[in-house]
Amino acid sequence: MNKLRTLPFLTALALATLVRASAGPEVAQKLYDQVTPSLVAVQFTWESELGRRDLVGAGIIITSDGVVAAPLSILNPAIPDAQMKDFKVIVPRTDANDEELDATFLGRDERSGLGFVKIKDKRDWKPIKFEDAPVNIGQPVYSIGILPKGAGYRSYFMEGAVSAKLRGEVHMVLVTNGGLCGLGSPVFNTSGQAIGVVYDEQVSFLNDPRQAFTSIQNPPLFFMPAKEFIRSFSDLPVAGEPQKLPWIGVMQLTGLKKDVAEFFGLKDQPAVQIGDVIPDAPAAKAGLKRGDVIVKVDGKPLERGDDPDELPGILRHQLIWFKPGQSVTLSVTSGKGQPLHDVKLTMAEQPARATSAKRFYAEDLGFSVRDLTFQDRYQLKLDDKAPGVLVAIIRPSSSSQTAHLEREDLILQLNGQPVTDVDEFKKAYEQLRKDKPHEPLVMEVKRAGSTQVIRIEPPQ
């Protein structure tokens, strides 16, 4: 979605040529009154090795029993699951103090770009119902958002007009001649249908005074239409359980440029070429090989993007809505002049990611380690049983930073003892620090393909 940053036609002159569409005060007030009870703030504590930080972002009530949706950029997928704590939902009030209610974190859904929490307080909540409604160029659209904490989380109204519909991994709608409310705000058409959610690459937290009014000073211009995310509402994450996403076992995909596509006899046909195929994964078992070119999914041509580089993301986004265990048929060609042939494969479950890997924080020396994941082993060219733990965090000005330990270092030995996983590392580390608290820690690490010895002097 980074292409949204580079739209040179969004100049003041271009904006001035559009005809402004006004909702009128009565329509605006009616929509404002209807939507405001469904807008809340989602708060949680990020408790990392480097300290605690409270984060607050915009949320939308989507079910009558209190499920709230919030953008993934607020519920950051890079934050380990175990470090997200103390979820609250703040319900703004104008006639009393804001309500701060305990909530359960259900999980993050990469398919829809949303995360979900559920309010523990049992009452009849007023949800917003999103609909897959078409949008047309010039069509007026309205959004209702909530202001930052410093403004009491009050709701506010904005309007604009649809000026472009953009293709890509996720479809986006460009709105100019006004703008949209902040990240995560619902978007409505003139019939009052909720047709999308505001998308903004500039993440602003409602409790951060340095950036809380960013969306007011520079209103977002894009929203994600409802068809991109409403499927996840009927398949919500389950609290405490990692979301099971599909995987075919192909690590590299490349969108074919025009000249390469024509070489394969695929003129004006979007196509994606396969790179590394993981042994024993679904793609390998089905017979797919490096260099094969995917042209169709279940008999339908690949969706066209604005640039060939977008095609791998478009294909991944299409496949990610399948379930592990479901089958998909890919139509592929194996080379120039080769006819298309169908390859049917059964999706496996995506391997666990770094955010769910077990971690240990060596607080006194200022570094954290985690277990290796499948992705780590692939990037480091390690086999499935290769031992070691990966350095995840280096605390600034710590003994480990002084010793030049680095993130992504692979620790192989600790004071001469081999390290297999985090549990073994933790046990050996704690015993060493207990028995010899003033002696240096000597670790053998692998970095950029070479082995080094790191000696960390403990603080005296």
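**Rings, strands and cores**

Mentor: The structure holds 14 aromatic pairs. The model is predicted: local features need pLDDT of at least 70, side-chain atom pairs count only at pLDDT 80 or more, and totals for chains, interfaces and linings use all residues. Residues are numbered from 1 along each chain as its sequence is written, and side-chain values use heavy atoms, without hydrogens and water.

Trainee: Why is the aromatic pair of Phe44 and Phe87 called stacked?

Mentor: Rings of Phe, Tyr and Trp (its six-membered ring) pair if their centres lie within 6.5 Å; planes under 30 degrees apart count as stacked, over 60 as edge-to-face and the rest as tilted. For Phe44 and Phe87 the values are 5.2 Å centre to centre and 20 degrees between the planes, so the pair meets the definition of stacked. Phe44 is in strand S1 (residues 39-48) and Phe87 in strand S4 (residues 84-91), 43 residues apart. Strands here are DSSP runs (E, at least two residues), as helices are (H or I, at least four), numbered from the N terminus.

Trainee: What makes the pair of Phe116 and Phe233 edge-to-face?

Mentor: The ring centres of Phe116 and Phe233 are 6.1 Å apart and the planes stand at 90 degrees, so the pair is edge-to-face. Phe116 is in strand S6 (residues 114-119), while Phe233 is in the loop between strands S12 (222-225) and S13 (246-247), 117 residues away. Ring pairs also join Phe116, Phe130, Phe229 and Phe233 into a cluster.

Trainee: How do you know whether Phe116 is buried or exposed?

Mentor: Buried means under 20% relative accessible area, exposed over 50%, and partly exposed in between (1.4 Å probe, protein chains only). Phe116 has 0%, so it is buried.

Trainee: Why are Tyr153 and Lys381 worth a look?

Mentor: Most residues other than glycine have a negative phi. Tyr153 has a positive phi of about 55 degrees, and phi of Lys381 is near 60 degrees. Tyr153 is in the loop between strands S7 (140-146) and S8 (155-166), and Lys381 in the loop between helix H7 (374-380) and strand S23 (389-394). Tyr153 has a relative accessible area of 5%, so it is buried; Lys381 has 75%, so it is exposed.

Trainee: How do you know that S21 and S22 pair?

Mentor: Two strands pair if DSSP finds at least two bridges between them. S21 (residues 359-362) and S22 (residues 367-370) have 4 bridges, in the antiparallel sense, so the requirement is met. Tyr361 stands opposite Ser368 in S22. The two strands form a hairpin with 4 residues between them, and Gly366 in the turn has a positive phi of about 80 degrees.

Trainee: Which side chains of S21 are buried?

Mentor: Phe360 and Ala362, which point to one face; Arg359 and Tyr361 point to the other and are not buried.

Trainee: What makes a set of residues a nonpolar core?

Mentor: Such a core is a set of buried Ala, Val, Leu, Ile, Met, Phe, Trp, Tyr and Cys residues joined through side-chain atoms within 4.5 Å. The largest has 34 residues, of which Ile128 and Phe130 touch the most other members. A second, separate core has 23 residues, including Val389 and Tyr429.

Trainee: Why does Arg231 count as sitting over the ring of Trp321?

Mentor: A charge sits over a ring if NZ of Lys or CZ of Arg is within 6 Å of the ring centre and within 35 degrees of the ring normal. The charged end of Arg231 sits over the Trp321 ring, 4.0 Å from its centre.
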